[in-house]
Amino acid sequence: MRDVLLNLMLRALESGVADYVLTPSRGPGGTFPWILVNDVRLLDRAEPFPPVMYVQGAKALASFARSPFGGKVLAVMRPCEARAAVELSKLDQVTMQNVYFLTMDCPGAVPVKSYRNGDFTEPDPGEPESLRPLCRQCTHFTGAGDLFLALHGGPPVFRPVTGSGRELLETLGMETGEDRAEWVEWRDALLRHRKEARKRGMEDMRRSYTGLGGLARLYGGCISCRNCRTVCPICYCRLCFIDMKDRRSPASDHLHRSGERGGDRLPGGTLLFHMGRMAHMSLSCVSCGMCEDACPSDIPVGRMVSMVSEKTAAVFGYEAGRDTEEPLPLNTFEPDELHEYED
Amino acid sequence: MTVGKRIGVFVCACGPNIADVLDIERVAGEIGKLDGVILSETFGLLCSPDGRKHLVSRIRGNDLHRVVIAACSPRDHETTFMKVCEEADLNPFMMEMVNIREHVAWVTPDRDAATEKAVRLVRGAVRRTMRHEPLEKMKIVCNPDTVVIGGGLAGMTTAILLAEAGRQVTLIEKSDSPGGFLSGDRRVAEPARTVSSGKKGIKMLLNTQPEEIVGFFGNFVLSAGNMEIKAGAVVLATGCIATENGGFAPAEDFGRLAELLRLPLDDEGFPEREHASLSPLATPIEGVYVTGCAGGPCFPEEAVARSEAVAGAILSSLVPGRELETEPRTSVISETLCRGCKTCLEVCTYGAISFDAEKLVCGVNGVLCRGCGNCAAACPSGAIRSRHFTPDQLRYQVEGLLR
Ligand code: SF4
Ligand code: SF4
Ligand code: SF4
Ligand code: SF4
Ligand code: SF4
């Protein structure tokens, strides 16, 4: 299947459909840095199916494709990465102009920790134990971007999603017919299974971490390293609210609090950070699991944000990463809505 | 400029309005114990001439740097007390009002609860004023000129009336000749000659359509082509058209014009009015008027009458030499923090924000900004500060309130 993808990248570059290919590659020491390939000879370094996620693809794309540029890019990434790019485009952090997104039936990713320890098997949706917790409950494992590679129910085949994906395939003289029945069957079965797993996972979270006490327990072990924020494609601020000087209390407030309650926890704001982060970005969370994988304290941050995201998005009938034209709920003013939450 | 921290607190009895419900002596007493509070006292009616005189002498006599006034709604008397500060040579932005009438006395019947609530609110305000900084108002002279959009009978009549009263008018017409709907009719022949003559202070721009309109009453800037037209008032005289089902609709490009002005429209697409019967020709935007069929279908006689009313309204409100104070409580965008997402651009109803395509950041035009704070609330990256409503000031206030 790697060959099939490499072949498409090659043909895209040779035919001029794309001028550059953005893809993970095989780097030194078993790493997978993103590269922007222009010379077809470099394509043999491409590794579109790394077993881990080191840098979220949308972050890689946003690192250079902030505003419109000349030339066309074929970006090869996982569904959650392409969906994160959709979210970033809504806030002008990435341009979708001149970018084709090529995704695949995502096999999932293994935790970076197990990968580095050599303690992993190649990701396989059929064997969820090896996958990262959010991959195990991922319901968006296929059908993202402009086109994707269908791996199941027969030999690998490219499938168009959007008009420009269809055009790309047609230009390269490739089939764009109907989805094959075996693939549809595979997708539906996995989807059922994943929905079930997600439901169970969310129930677990809710049982374990209900209320302020539950949240305090969940984030109690947070070492405030902010890794979760750094690796998240959606957290793109230059300076996070929690690090702004004017969000700090003066000494007198801490002393006062300590005096009133007998003590004050320092540095404070752990809960505030996580609640604030959720309030800022959870509607755009694409459940990519980067945050959770990066947490040195094994806190299920990703599952928490993802769960909150699903609930809040449902209020607005919103789905992160679905459509660039779908406006961000918090940026849309509706004079008449949400009366059910009044009083 | 660093300002000292001597704070004075004045609690108003508001006749019986406040004093009957809560114990204002206790409020003043509690607040008097706070750090930095030099004096904390009550008074019968602070907004009365006596009250104002009293305030001025107390501020001066005690060399106060910051003042908290616990009284009624700022809607009623903020400007009153700001003036008092100015009289006492205190920057008016060093004053903070606490609404212990509407927010406490009128809604909290229990005496103890009301008193406690007032103490907390005033404590928040005391802490807030500690973080206040003096802000300076700028004065700009308002522009007495008018721009009229649409060169039909109504537009021409308005322009001629204003010009006859000695005002400069720019008349913008999208086609290549004036006349509009009545073109060729003898009723527009004379006005068309007048506006085309180039005399009398009317400048006519043919084949022209506005591309951008920013600003506010007394200070509009309209761009068309590569021209910038400055005016104090804008008159919309763009006419209307008959629809297929026998009704009427505004001229085709009126929607676009309304968008440039951020003018709210009714269901039929005509502009909403400030007040349907009192001022049927003034729109909700101060300084923007409609005349002729742009405000709904009418006969030529009525169009002329409407234009007379509009010209009259402009002549009486837009007096040459009148000064406008700019709002110093504006917002500022930090170039270092801005991610250029343009969210603020969309929410600013005053067109005060623009995007710098080179630096990929947004910036606020301080003269156009009215300090509504929309942008600061909407910025997902915390890059915008509203002066006088900084996070620092707000958190000080909230912490003071919660203590
Ligand atoms: S919060 Fe976590 S799961 Fe959600 S988008 Fe960010 S990194 Fe991915
Ligand atoms: S938590 Fe909020 S402020 Fe911090 S980086 Fe994320 S979105 Fe920005
Ligand atoms: S990565 Fe984990 S430990 Fe670090 S800030 Fe996030 S939740 Fe806390
Ligand atoms: S404060 Fe209001 S008027 Fe000023 S720039 Fe922001 S949104 Fe515009
Ligand atoms: S909303 Fe904030 S980050 Fe976005 S452009 Fe405006 S100032 Fe910049």
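In strand E11 of chain B, Ala231(B) is the bridge partner of Phe220(B), a good place to start a walk through this predicted model. Phe220(B) belongs to strand E10(B), where six of six residues are buried. From there we move to another covered strand, E3(B), then to two individual residues and to the surroundings of three ligands.

**Chain B as a whole**

- Chain B holds 13 helices and 20 strands.
- Its C-alpha trace spans about 80 × 50 × 45 Å along the principal axes.
- Of the 403 residues in chain B, 51% are buried.
- Among contacts in chain B with a separation of 6 or more, 67% link residues 24 or more positions apart.
- The exposed area of chain B is about 18800 Å², and 51% of that comes from carbon and sulfur atoms.

**Strand E10(B) and its two hairpins**

- Strand E10(B) covers residues 219–224 and is mostly covered.
- In a regular strand, side chains alternate between the two faces of the sheet.
- On one side of E10(B) you will find Asn219(B), Val221(B) and Ser223(B), and on the other Phe220(B), Leu222(B) and Ala224(B); both sets are buried.
- Strand E9(B), residues 212–216, pairs with E10(B) in the antiparallel sense through five bridges.
- Within that pairing, Ile213(B) has Leu222(B) of E10(B) as its bridge partner.
- Two residues separate E9(B) from E10(B) in a hairpin, and Gly218(B) in the turn has a positive phi of about 90°.
- On the E11(B) side, E10(B) pairs with residues 227–231, again antiparallel and over five bridges.
- The hairpin of E10(B) and E11(B) also has two residues between its strands, with Gly225(B) taking a positive phi near 60°.

**Strand E3(B) and its parallel neighbours**

- Why is strand E3(B) largely enclosed by the rest of the structure? Six of the six residues in this strand, 66–71, are buried, so the rest of the structure largely encloses it.
- One side of E3(B) carries Arg66(B), Val68(B) and Ala70(B), while Val67(B), Ile69(B) and Ala71(B) sit on the other, and all of them are buried.
- E3(B) pairs in the parallel sense with strand E1(B), residues 7–12, over five bridges.
- Phe10(B) has Ile69(B) in E3(B) as its bridge partner.
- E3(B) is also joined by five bridges to E4(B), residues 95–99, and these two strands run parallel.
- Here Ala71(B) stands opposite Asn99(B) of E4(B).
- To get from E3(B) to E4(B), the chain passes through helix H4(B), residues 74–87, in a right-handed β-α-β crossover.

**Two residues worth a look**

- Val9(B) lies in strand E1 of chain B. With a relative accessibility of 0%, Val9(B) falls under the 20% cut-off and so counts as buried.
- Beyond neighbours within four places in sequence, the contacts of Val9(B) include Ile31(B), Val37(B), Leu39(B) and Val122(B), along with Val68(B). Val68(B) is itself one of the buried residues of E3(B).
- Val9(B) and Val361(B) are 352 residues apart along the chain, and their C-alpha atoms are separated by 42 Å.
- Thr326(B) sits in the loop between strands E16 (323–325) and E17 (331–333) of chain B.
- Is Thr326(B) buried or exposed? Its relative accessible area is 9%, so Thr326(B) is buried.
- Leaving out residues up to four places away in sequence, Thr326(B) touches Lys137(B), Met138(B) and Ile140(B).

**Around the ligands**

- Ligand 2 is surrounded by residues of chain A: Arg229(A), Cys235(A), Cys237(A), Cys240(A), Phe241(A), Arg277(A) and His280(A). By class, that shell has four nonpolar, one polar and two charged residues.
- Ligand 3 has 13 residues around it, and those that come nearest are Cys222(A), Cys225(A), Arg226(A), Cys228(A) and Cys295(A). Its shell divides into eight nonpolar, four polar and one charged.
- Ligand 4 also has 13 residues around it, with Cys348(B), Cys369(B), Cys372(B), Gly373(B) and Cys375(B) coming nearest. The shell of ligand 4 contains eight nonpolar, four polar and one charged residues.

Notes:
Residues are numbered from 1 along each chain as its sequence is written. Chains are lettered from A and ligands numbered from 1 in the order in which they are written. This is a predicted model: local features need pLDDT of at least 70, side-chain atom pairs count only at pLDDT 80 or more; totals for chains, interfaces and linings use all residues. Side-chain values use heavy atoms; hydrogens and water are left out. Buried means under 20% relative accessible area, exposed over 50%, partly exposed in between (1.4 Å probe, protein chains only). Helices (H or I, at least four residues) and strands (E, at least two) are DSSP runs, numbered from the N terminus. Two strands pair if DSSP finds at least two bridges between them. A crossover is right-handed if, with the strands pointing away from the viewer, the path from the first strand over the helix to the second runs clockwise. A residue is near a molecule or strand if one of its heavy atoms lies within 4 Å of it. Ala, Val, Leu, Ile, Met, Phe, Trp, Tyr, Cys and Pro count as nonpolar, Asp, Glu, Lys and Arg as charged, and the others, Gly among them, as polar. Contact means heavy atoms within 4.5 Å. Accessible areas come from the Shrake-Rupley method with a 1.4 Å probe; for residues, only the protein chains shown count as cover.
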